[in-house]
There are 2 protein chains.
Amino acid sequence: MALTDDAIAKIRSMIQSGELPPGARLPPEPQLAAQMGLSRSGVREAVKVLESARVLDVRRGDGTYVTSLAPRLLLEGLGVAVELLRDDTLLEVMEVRRMLEPMATGLAALRMTDADLDELGRILQDMRAAADDAEKLIQFDAAFHHTVIATTGNETLTSLLDGLAGRTLRARVWRGLIEGNAAHQTIEEHHTIYLALRARDQLLAQASALLHVNTSEAWLRTVLGAKSSDG
Amino acid sequence: MALTDDAIAKIRSMIQSGELPPGARLPPEPQLAAQMGLSRSGVREAVKVLESARVLDVRRGDGTYVTSLAPRLLLEGLGVAVELLRDDTLLEVMEVRRMLEPMATGLAALRMTDADLDELGRILQDMRAAADDAEKLIQFDAAFHHTVIATTGNETLTSLLDGLAGRTLRARVWRGLIEGNAAHQTIEEHHTIYLALRARDQLLAQASALLHVNTSEAWLRTVLGAKSSDG
DNA sequence: TCGCCGACAAACGTCCGATGTCTCTATAGT
DNA sequence: ACTATAGAGACATCGGACGTTTGTCGGCGA
């Protein structure tokens, strides 16, 4: 294809070059169509693609604007992509988390504030209280890790790890943990990480995070293995 | 918005549920439109979004098919997203590379074959021969790191790091390196990494990769700093 | 003067039908 | 058996029309 993809490329390069800064408003669709030499239908497809990538923000009845281009927006699509990965590649994702998450957790140990630690303590408490509710466990687990990573102050890193630990992946791991009666032990792993962070011990935080990711990976393997031998 | 986004979600969930496995063919656009309760225009916008995410493959005159859903495809969008990040967040990207690339390089030291090492040696030679050509340097630099990471056998990891070290980012770093007369020294950093890999020394590979990323980060800082003080 | 309300205009959302162009396949001919 | 060609199927693009939503502005009333 050419026309629509060209339009996408043009708009993207206008943004990249600074001609269309964050917050800028694009011309109305008919005008944009004339300007790029294709019909309004083509422009709409192009705009839709960039909107789904969180590059453009279409406000009905108002106009189309460039978003803030914040990492949290642009990297949102990573999570969607990970959700569509096939089962056998989820182990690759886990291997990446195994490398990245311990480093990030170690960094968090250096940058974490007392307020951050308090919030983490609350989440840990919530987690223990929800030990029987798979849905809540998944939610608090996500909140725990997100909070830890977010304290690094690196929004890009946070978005990446959020995306890599997608909802589906997390749900599968916890399903395995619960069915294998390992939920309690895993909650305690979070406590271990919490203690290391409280002590501002980088290496200990790193090590405990690695152990934790390893546990997740092991249970994911179990879940995937059980599935493949099903039918 | 509802109709088009609903259509996107429906198609995606059909793929996720296995109803549309990799390689499957979707119904023709008019039929798909009827099936999802919207017009052909809306379907086309939905398909276009999924095509740009490398989830669908539209073959003109033939039909629309689900791609292989390989990580290399689905994570391709990451590179595009990184290209649009604002300057100040590029340092965040560098911090992520600083965490991930040394670990990956260390892992590569364990898994690298003799054939891999030979190829790496060739790239290193090319790099030295092209010390005066910025464009080629960027290309060989990308090839070097890609080759190293690819030997881990982890396609997801490879795609992620490829995306994080996008063309624009790499070009900026090398611009700084060349203008600062540091190109030669940086090429030697690659040699150091190569030697560590040849020795199958994980820790040494890790350390030399960290030093290398650190150099890149420093020069990126220089380039960005010079730019912000320009105007 | 401030605030509410209604009308107008701008802009996107959706649909429809028509035509061009490409790909694949099957058939006919050599 | 192989090749060339014609046809059918499917996407690409266009242009216009109408509905819906949003933002704005002026007028009215408290």
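Me: Okay, helix axes here are lines fitted to C-alpha atoms over the stretch in contact, and angles run from 0 to 180 degrees between N-to-C directions. Which helices of chain A and chain B pack together at an angle of about 40 degrees?

Reply: In this predicted model, they are α1 (residues 3-16) of chain A and α5 (residues 76-84) of chain B, whose axes lie 9 Å apart. Helices are DSSP runs (H or I, at least four residues), numbered from the N terminus.

Me: What do we call α1(A) and α5(B), relative to each other?

Reply: Oblique, as the angle falls outside the ranges for roughly parallel (under 35 degrees), antiparallel (over 145) and perpendicular (65 to 115).

Me: And which residues make that contact?

Reply: A:R12, A:I15 and A:Q16 come from α1(A), while B:V80, B:E83 and B:L84 come from α5(B). Contact means heavy atoms within 4.5 Å.

Me: Zooming out, how many residues of each chain are in contact?

Reply: 47 residues of chain A touch 47 of chain B. About 4,000 Å² is buried between the chains, 67% of it on carbon and sulfur atoms; that is accessible area (1.4 Å probe) lost on being put together, summed over both.

Me: Which three residues of chain A supply the most of its buried area?

Reply: A:K48, A:L84 and A:M99, with 18% of what chain A buries against chain B.

Me: New topic: how many salt bridges are there between the chains?

Reply: Six, counting a Lys or Arg side-chain nitrogen within 4 Å of an Asp or Glu carboxyl oxygen. The side chains of A:D5 and B:K48 form a salt bridge, at 3.2 Å from N to O.

Methods
Residues are numbered from 1 along each chain as its sequence is written. Chains are lettered from A and ligands numbered from 1 in the order in which they are written. This is a predicted model: local features need pLDDT of at least 70, side-chain atom pairs count only at pLDDT 80 or more; totals for chains, interfaces and linings use all residues. Side-chain values use heavy atoms; hydrogens and water are left out. Helices (H or I, at least four residues) and strands (E, at least two) are DSSP runs, numbered from the N terminus. Buried area is the accessible area (1.4 Å probe) that two parts lose on being put together, summed over both.
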